[in-house]
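Hi,

Here is the structure I promised to pass on. Have a look at it first, and my notes follow underneath.

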Amino acid sequence: MLLLRSHHLLLPHAARLLARRAQPLPRTAAAARLRPLRMSASNHSGAGASSPSAPSPPPAPAVPKSRIPFCPACGSPTKLAVPDGDEKMRAVCSSCGRVHYENPKMVVGCLVEHDNKVLLCRRKIEPAYGLWTLPAGYLEVGESAAEGASRETLEEACADVEIVSPFAQLDIPLIGQ
């Protein structure tokens, strides 16, 4: 745990992180990660297209891969299927037929300020072992976001905090958070 005298000490590190994110990916890496965005579901016949050549077919949709290879209830293999009344691919048990949903993990934490200082914790596990971070962790079932943030701060930094107001909401769908 480290208490900084002022949050302005975090700014150079944050600026380096943002500069790294702003750099474009190498051409080959970008092409491997990015797919063209389809702006509408209408059928494009090619009439009135700005290019004289025939339009290219839309890219094949990405086939999701389940992270639930076996049924937690009976142990049989699962298969990807769209269950009745649903619209998304789900892991469905090939034996008992149970549908297993993969939901994002809600991460909560606190930005603790006390006497013009900010509380940070040094990570003791991967990912990012040894780096400094705000006290945070996964929300437990039955907790509100505020309760989870307070609990994680107490667990990770031994700091009993009072939630004053929300600071930020960050969505990271690429990693399911």
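Let me start with the salt bridges: the count comes to five in this predicted model. Several of them meet at Arg151, so that residue is a good place to begin.

Which residues pair with Arg151? One partner is Glu143, where the closest N and O atoms are 2.6 Å apart. Another is Glu152, with an N to O distance of 3.0 Å. A third is Glu155, and here the closest N and O atoms are 3.1 Å apart. Arg151 and Glu155 both sit in helix H3, which covers residues 145–157, and because they are four residues apart they are separated by about one helical turn. Since these salt bridges share partners, Glu143, Arg151, Glu152 and Glu155 are joined into one network. As background, side chains of opposite charge can pair when their charged atoms come close.

Is Arg151 buried or exposed? Its relative accessibility is 19%, so it counts as buried, the cut-off being under 20%. Glu152 is buried as well.

Next, the cysteines. How many disulfides does the model have? The count is zero. Cys121 is in no disulfide, and the nearest cysteine sulfur, in Cys158, is 9.0 Å away. Why is there no bond between Cys158 and Cys121? The two sulfurs are too far apart for one at 9.0 Å, because a disulfide needs the sulfur atoms within 2.5 Å. The surroundings of the two cysteines can be put side by side too: Cys121 is buried, with a relative accessible area of 6%, whereas Cys158 counts as exposed at 68% relative accessibility.

Cys158 comes up again for its backbone. This residue is found in the segment after H3, and it has a positive phi of about 55° although it is not a glycine. Asn116 is another residue other than glycine with a positive phi, in this case near 60°. Asn116 lies in the loop between strand S6 (113–114) and strand S7, and with a relative accessible area of 48% it is partly exposed. There is also a cis peptide bond, from Glu126 to Pro127, with omega near 0°. Pro127 belongs to the loop between strand S7 (117–122) and strand S8 (132–133). I mention these because most residues other than glycine have a negative phi, and most peptide bonds are trans.

Now for a sheet. Three strands form an open sheet in the order S2-S3-S4, with antiparallel pairing. Which strands are at the edges? They are strand S2 (78–81) and strand S4 (99–100), each of which pairs on one side only. Strand S3, residues 90–93, pairs with S4 over two bridges in the antiparallel sense. If you want to find that pairing on screen, look for Ala91, whose bridge partner in S4 is His100.

Over in S2, have a look at Thr78. What does the side chain of Thr78 reach? It reaches the backbone oxygen of Ile68, at 2.5 Å. Thr78 is buried, with a relative accessible area of 18%.

Last, something on the surface. Leu170, Ile172, Leu174 and Ile175 form a nonpolar patch there, and together they have about 480 Å² of accessible area. One of these residues, Ile175, is placed in the segment after H3. Ile175 is exposed, with a relative accessible area of 51%, which puts it over the 50% cut-off.

If you would like a short route through the model, I would go in this order:

- Arg151, with its salt bridges to Glu143, Glu152 and Glu155.
- Cys121 and Cys158, whose sulfurs are 9.0 Å apart.
- The cis peptide bond from Glu126 to Pro127.
- The S2-S3-S4 sheet, and Thr78 in S2.
- The nonpolar patch that includes Leu170 and Ile175.

Happy to go through any of this with you.

Best wishes

Conventions:
Residues numbered from 1 in each chain as written. Predicted model: local features only at pLDDT ≥ 70, side-chain atom pairs only at ≥ 80, totals over all residues. Heavy atoms only, no water. Buried < 20%, exposed > 50% of the residue type's maximum accessible area, 1.4 Å probe, protein only. Salt bridge = Lys/Arg side-chain N within 4 Å of Asp/Glu carboxyl O. Patch = residues over 30% accessible without salt bridge, like charges linked within 9 Å, V, L, I, M, F, W, Y side chains within 5 Å. Areas by Shrake-Rupley, 256 points an atom, 1.4 Å probe, with all protein chains shown as cover. Pairing = 2+ DSSP bridges. Polar contact = N/O pair within 3.5 Å; in protein donor to acceptor, adjacent residues only side chain to side chain.
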